[in-house]
Amino acid sequence: MRYIHELREGVTVSEVYLCKQKNVAKTKAGKTYYSLVLQDKTGIIDTKIWELNNGIDNFEQMDYVRVEGSVTSFQGNLQLNVRRLRRAKEGEYLPQDYIPCTTGDIDAMFKELIGFVNRIQNIYLRQILVAFFGDREFAQKFKEHSAAKRVHHGFMGGLLEHTLNVTKLCNFYCEQYPVLNKDLLITSALCHDIGKINELSVFPENDYTDEGQLIGHIVMGTMMVEEKIKNIQGFPVKLGNELKHCILAHHGELEYGSPKKPALIEALALNFADNTDAKMESFLEALAEESRSGGEWKGYNKLFESNIRATSTPGTK
């Protein structure tokens, strides 16, 4: 199988991919064409079908399709122009080849996450964490879920990987700034994105659910925490409000989707940790994606508003 990350300009393709998106569009001249996003476990590629009458069978979004075409470059990005397409037959593909997955060990990461749960001293905060991560069904969903549709950690295990990274950053902050309430911050870090298990559908779709579109993971996660609090006798109201505030404010700014801006130092720390890991992973993913274009500089990146490149390796000039 020729994976998407191996494709280069000028390459001829005859392969099975997952049709992640299918849109009907028109050229300026009014001619109808298909604009697709094809996916395998290594990435996605923008795809166009300009001629719809010859060699293009009926297919739908989320079908596995066998395509024949050529890879070109458009505005600095690779694009696959398809000449022939049909639905793939059973036996022509293995579903696991089309689901992007973390390169980390999922079970090892979850074990490390549980280690943070077990070190929480506050009995009320620990009960919340055990109610979530000690629930077998929730834990399985959490381990398999992505953290995003596309921007960062948009792969199986991405939610676990991102949550663990944020928690470890928060743990470091607690060492550097003893004023931080460690139990509150670590609990907030572990819970900050739990709403994503309902905001995004499972693979291979990994798309926004109706609830996710209408409410969003920040509010959804806060509601999930509130539900657990109701079932814990004697849970301090003030502590509950502080935990919920950290989750509500973890994107830092109203324009980034947070209903509240950080009013607690723990909420500020969580926002920094979340933003750090999201941006670092996004940069790494951008470098990996743009490495296919060749050259030292990888081109302008919209997210970072800069032309980006990888750091020179030791010993190079």
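Q: Which element gives the most to the lining of the second largest pocket?
A: That element is α10, with 7 residues. A lining residue has an atom within 4 Å of a point on a 1 Å grid over the protein atoms alone, and a pocket is an open set of points with protein on both sides within 12 Å along at least five of seven lines. The model is predicted: local features need pLDDT of at least 70, side-chain atom pairs count only at pLDDT 80 or more, and totals for chains, interfaces and linings use all residues. Residues are numbered from 1 along each chain as its sequence is written, and side-chain values use heavy atoms, without hydrogens and water.

Q: What makes α10 a helix by name?
A: Helices are DSSP runs of H or I with at least four residues, and strands are runs of E with at least two, numbered from the N terminus. In the largest pocket, too, α10 (265-290) is among the elements giving two or more residues to the lining, and its 8 residues are the largest share.

Q: Why are strand β3 and strand β5 said to pair?
A: Two strands pair if DSSP finds at least two bridges between them. Strand β3 (residues 43-49) and strand β5 (residues 77-87) have 3 bridges in the parallel sense, and therefore they pair. Thr47 stands opposite Leu80 in β5.

Q: In what order do the 5 strands close into a barrel?
A: The order is β1-β2-β3-β5-β4, with mixed pairing.
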